[in-house]
Amino acid sequence: MTVTVRFAPSPTGHIHIGNARTALFNWLFARKNNGRLVLRFDDTDVERSRKEYAEGIVRDLAWLGIEPDETVAQSARFERYDAAAERLKAAGLLYPCYETPEELERRRKIRLSRRLPPVYGREALKLTKAETEAFEAEGRKPHWRFLLPNFSGNPFSTERTEVHWNDVVRGPQTVDLASMSDPVLIRADGTYLYTLPSVVDDIDLGISHVIRGDDHVTNTGAQIAIFRALGAEPPAFGHHNLLTTVSGEGLSKRTGALSIASLREAGVEAMAVASLAVLIGTSENVVAAADMNELAALFVPEATSKSAAKFDPAELDVLSRHLLQAMPFEQAEQRLSALGIQGENARAFWVAVQGNLDRMSDAGIWWNIVHDQPDPAGELSTDDREFVQQAAAHLPAEPWDQDTWRDWTNAVKAASGRKGKALFMPLRIALTGRASGPELSGLLPLLGQAKTQARLA
């Protein structure tokens, strides 16, 4: 069987780094196993789902280097879910319940007061035809629950029923169906909750492995039961740990916390995001993988911790710098061109500045400093102004190369007696307008003698 995985976001907001972690786990798992990735939009919530969010998710995945082999939308598959629901109803496995939320909460509190687990007592199975008709006459609409196979003969006498699976990430797992309430699959307004459409899709799309966050572990037992009720063998399951903010808060699409779109707009390197999203909270060292092939080699699902991992955006800066410093010109060339950095000096410029970049956009700033004018924020004292004007007299003749800066500053040092910061800082500010930045041994040949002379003057 071909390994087939899926990433199933709801297009109700921007995906964040936690969602991307799930997408990357699935994408890398497929790559390591010569498999396929299906992008499935869970858009059964028609009111909240938006086309622009779906388009944004596709754009975010592409930026991360994720290329789905197939894309489907649940909103186009309601007939399949309706057919599955009818099958379960006909088999007596999907039954109508008429309790209001207030009634359910009252029963839950009663069970807790009696030190009983707060699971649904299947009271709806005891309703007579007359009682059902009375509820419907009141205008009540039923929600529908799946009857878990956690009993031998009497559904009101549950018994321990273990469901086992070998989790791709967490290893052997067990869930007792007797500890769970029969899950609601269809709301009173007729809309589907996540569970049934997901199972039907996984069957129809031939999903072999379901890899998702560990907040779904307890759902897995019920879902396995639904797979079998529909006559299908369940896929393998894997549950990775979740990411939180540094303060320990959960991530949310609604708040926009650490959204992929915001990270992209901030200029963070895509592979920095992918590397940190995948490797944080694992036994692997967090390093900046240069590309997906390298990240796939580092990806070991079972190395993932069982506890939540705190995601610190500051680590993205470190990884981004590392990627930029190691990036060959050929890889950067197209992005530099988009910033207006092109021509015969583009390669030499990249080599000169890449070690000082936090973002690729910083290269555009330095290109303007080299080709147009120094940063106007740079200021010099009267003594330093006189010093740099005198230094201009010692500029060597062209052609200039990487040794020109050293030769020039040695001559200025001998003539002025200045050394260290007092020697180098005024020259740097005069030439660039900044107190720090790329090595001037690389920038000076790009400036050339005439431009250097003018800036010193």
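Okay, let's start with one residue: Ala391 is buried, at a relative accessible area of 1%. By buried I mean under 20% relative accessible area, with exposed being over 50% and partly exposed in between, using a 1.4 Å probe and protein chains only. Ala391 sits in helix 15. Helices here are DSSP runs of H or I with at least four residues, strands are runs of E with at least two, and both are numbered from the N terminus. Leaving aside neighbours within four places in sequence, Ala391 is in contact with Trp408, Val412 and Leu427, where contact means heavy atoms within 4.5 Å. Now look for Val169: its C-alpha is 64 Å from that of Ala391, and the two are 222 residues apart in sequence.

Quick housekeeping. This is a predicted model, so local features need pLDDT of at least 70 and side-chain atom pairs count only at pLDDT 80 or more, while totals for chains, interfaces and linings use all residues. Residues are numbered from 1 along each chain as its sequence is written, and side-chain values use heavy atoms, with hydrogens and water left out.

Let's zoom out to the whole chain. How many helices and strands does the protein chain have? There are 18 helices and twelve strands. The C-alpha atoms fill a box of roughly 105 × 45 × 35 Å along the principal axes. The radius of gyration of the chain is 31 Å, whereas a compact globule of 457 residues would come out near 23 Å. That radius is taken over C-alpha atoms, and the globule rule is 2.2 Å times the number of residues to the power 0.38.

Of the 457 residues, 46% count as buried. If you take contacts between residues at least 6 apart in sequence, 75% of them join residues at least 24 apart. The accessible surface is about 22300 Å², and 49% of that belongs to carbon and sulfur atoms; the areas come from the Shrake-Rupley method with a 1.4 Å probe, and for residues only the protein chains shown count as cover.

On to the inside. The largest nonpolar core has 49 residues, and Ile17 and Leu295 are those with the most contacts inside it. A nonpolar core, for us, is a set of buried Ala, Val, Leu, Ile, Met, Phe, Trp, Tyr and Cys residues joined through side-chain atoms within 4.5 Å. Which elements give two or more residues to this core? They are strand 1 (4-7), helix 1, strand 2, helix 2, helix 8 (260-265), helix 9 (270-279), helix 10 (292-298) and helix 11 (314-326). Helix 1 provides the largest share, with nine residues.

Click on Leu295 if you like: beyond four places in sequence, its contacts include Leu28, Met271, Ala274 and Val278. There's also a second, separate core of 37 residues, and among its members are Trp350, Val370, Ala430 and Leu446.

A few more residues to visit. Ser320 lies in helix 11, and is it buried or exposed? Ser320 is buried, with a relative accessible area of 0%. Not counting residues up to four places away, Ser320 touches Val268, Glu269, Ala272, Asp358 and Arg359.

Thr44 is in the loop between strand 2 and helix 2 (51-64). Thr44 counts as buried too, at 16% relative accessibility, and it touches Gln74, Phe78, Tyr81 and Tyr192, again skipping residues up to four places away.

Then there's Ile203, in helix 6 (residues 195-204), which is partly exposed at 31%. Setting aside neighbours within four places, Ile203 is in contact with Phe227, Leu230 and Ala232. From Ile203 to Glu79 is 15 Å, C-alpha to C-alpha, with their positions 124 residues apart in sequence.

Last stop, the backbone. Most residues other than glycine have a negative phi, and most peptide bonds are trans. Here are some exceptions to look up. Asn34 has a positive phi, near 50°, and its place is the loop between helix 1 (17-32) and strand 2 (36-41). Asn34 is exposed, with a relative accessible area of 71%.

Arg115 isn't a glycine either, yet has a positive phi of about 60°. You'll find Arg115 in the loop between helix 4 (101-113) and helix 5 (129-137), exposed at 79% relative accessibility.

And where is the cis peptide bond? The bond from Glu398 to Pro399 is cis, with omega near 10°. Pro399 lies in the loop between helix 15 (382-391) and helix 16 (404-416), so to speak a short walk along the chain.
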